[in-house]
Amino acid sequence: MTKIQAPKGTQDVLPAASYRWQSVEAIMRDVGSLYGYSEIRTPVFEHTELFQRGVGDTTDVVQKEMYTFTDKGDRSVTLKPEGTAGVVRAFLEDKLFAGPLPVKMYYVSCPCFRYEKPQAGRLREFHQHGVEVFGAPDATCDAEIIRLALEVLKRAGVKDLSLRINSIGCPACRASYHDALRDFLRPRLDGLCDSCKSRFERNPMRILDCKEASCQQRIEGAPSMLDHLCGECRSHFEKLQSYLTALGIGFTLDPRIVRGLDYYTKTVFEIVTKTPAGELTVCGGGRYDGLVEELGGPKTAGIGFGLGVERLLMVQDLQNAAPAAPARLDAFVCTLGDEARLAGLALTDTLRGAGIKADLDHAARSMKAQFKYADKSGAPIVLILAGDELAQGVVRVRDMAKSEETLVPMDQIIDYFRQ
RNA sequence: GUGGAUAUGGCGCAGUUGGUUAGCGUGCCAGGUUGUGGCCCUGGAGGUCGUGGGUUCAAGUCCCACUAUCCACCCCA
């Protein structure tokens, strides 16, 4: 029989590590609600067409990375490759646009799926925290979600953060920029790498992002999107920069941030952190003012970001910023003999009823083995119950760190923990 | 999709030019202490040496294929 293992690119979150997830999830919830956001949860899978139209047919994500399958009803469905499209769909389907705008939403550890070759910080099933805001066209909102993302990362203990922003304009000014860029690239096309050649027609801006040194050399002096922004896009971007400055948020302009998803307009940004293993992008996002309309809704501004949970946890590890594990137990109950065992079960139940994290031996083991287990469980207090204690109506309370024992009357044991 | 490295008990490793019953550390279980953890001592359980072929009298060791894991590119969270 072949051993069954987890599918490639997936990970178990084991009991010893789940507190780490709970910790960053609590941070996201706390910060989200502090900023006036409410949680939204959308399905893990959607109709494939949503992503084709929303994320964009020409993107790598849609073209080669989606988990798409046909269900028993012959519908093509896809495990969500990112968080935004599903939220937009819900916004439309549940007619949130008819309520008070803006609508501000966040999501926590949203599972996302991309069929890629796994490696450090890249999985096939991964999780994102994120926010989406609808009906907030002003650049104050761009600044707000950036501030929110930075706050989440800061509370998670991430160090050496840097913010990179860019504007990719609106469809109108981007089209004229594409023309200018193609005019610049056309005479140099022969020297570019194959993937850049294919990008030329489809999405020439991605060529600016190419990692090939020879391509970088050839595109030296290429026109910048920022020089081709229309009046409105330019003014939006300038406002964003002044708002960030007013909030004391440092940033760098990075014209090479293009983002791999088609729906972005105007502001795009990435938050990068330095680790001993190199720079790592932990958060990326931007504005998508055309997406709601593209998916059949009323013209509505949109903006959001996705923050990779696995990457965040990885950065915490690399930067020694991981929170310490909380104590699993407040007390462990050790017993000897059947009568004491029964009393121990009742005692444990009483403790739990009083909100004290308690456990007892479930393997009918020796006192020594029970103590070993109690020690490894991290319980600071061990309660010992055997014939002598039962006869006296007391519990023997052992402080594990001090190795000191005292006798506490059974009916005062809760008070002992309360003091 | 392209390239590179690795694969031996739960974890970390050794295994010498192919040569007897595959070792070590750690963890786990138990005993030493018939009521007591961390330290120490003793014992025990646990391995189709990733899978399948091949070479050989003999393969953990050599050859081939496959699979998985890790890393880089690509892409991105």
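How do the axes of helix α1 and α5 cross, and within what distance do they come? In this predicted model, the axes of α1 (residues 18-34) and α5 come within 9 Å and cross at roughly 145°. Helix α5 is a handy place to start, since it turns up again in the core and against a sheet. Here's a quick tour, beginning with the domains.

**Domains**
- The domain assignment splits chain A into domain 1 (18-170 + 250-318), domain 2 (171-229) and domain 3 (331-418).
- Measure from C-alpha centre to C-alpha centre, and domain 2 and domain 3 turn out to lie 71 Å apart.

**Where α1 meets α5**
- The crossing of these two helices, α1 and α5, is right-handed.
- On the α1 side, the residues involved are Ile27, Met28 and Val31.
- They meet Leu148, Glu151, Val152 and Arg155 of α5.
- Val152 is worth a closer look: setting aside neighbours within four places in sequence, its contacts are Ile27, Met28, Val31, His129 and Leu307.

**The nonpolar cores**
- The largest nonpolar core holds 76 residues, and the ones with the most contacts inside it are Val131, Ile145, Ala149, Val152, Leu153 and Val282.
- Helix α5 (residues 139-155) is the top contributor, giving nine residues to this core.
- Domain 1 (18-170 + 250-318) and domain 2 (171-229) both supply residues, so this core lies between them.
- Another core sits apart from it, with 17 residues that include Phe332, Cys334, Ala374 and Val382.

**The eight-stranded sheet**
- Eight strands make up an open sheet with mixed pairing, and their order is β1-β5-β6-β11-β10-β9-β7-β8.
- At the edges you'll find β1 (38-39) and β8 (252-253), each pairing on one side only.
- Helix α5 packs on this sheet, touching β6, β7 (161-167), β9 (265-275), β10 (278-287) and β11 (302-308).
- The direction of α5 makes about 15° with that of β11.
- Nine bridges link strand β5 (residues 103-113) with strand β6 (residues 125-134), in the antiparallel sense.
- One pair to look for there: Val103 stands opposite Phe134 in β6.
- Helix α9 (residues 231-246) lies across β7 and β9, and it runs at about 35° to β9.

**The three-stranded sheet**
- Three strands form another open sheet, ordered β2-β4-β3, with antiparallel pairing.
- The edges are β2 (45-47) and β3 (67-70); each has a single partner strand, so one side of each is left without a neighbour in the sheet.
- From one strand to the next, the twist averages 30°.
- Strand β2 is joined to β4 (residues 76-79) by three bridges, and the two run antiparallel.
- To spot this pairing, find Glu46: its bridge partner in β4 is Thr78.

**Around strand β14**
- Strand β14 (residues 381-385) has four of its five residues buried, so it is largely enclosed by the rest of the structure.
- It pairs with strand β12 (residues 331-335) in the parallel sense, over five bridges.
- Within that pairing, Cys334 has Ile384 in β14 as its bridge partner.
- Strand β14 also pairs with strand β15 (residues 394-399), this time antiparallel and over four bridges.
- Here Val382 stands opposite Arg398 in β15.
- Cys334 and Val382 are also among the residues of the 17-residue core.

Definitions and conventions:
Residues numbered from 1 in each chain as written. Chains lettered and ligands numbered in written order. Predicted model: local features only at pLDDT ≥ 70, side-chain atom pairs only at ≥ 80, totals over all residues. Core = buried A, V, L, I, M, F, W, Y, C linked by C-beta atoms within 7 Å. Buried ≥ 20, exposed ≤ 12 C-beta atoms within 10 Å, placed from the backbone. Domains from an automatic or database assignment. Contact = placed C-beta atoms within 7 Å. Pairing = 2+ DSSP bridges. Axes fitted to C-alpha atoms, helices over the stretch in contact; angles between N-to-C directions. Left-handed = near helix turned anticlockwise from the far one by under 90°.
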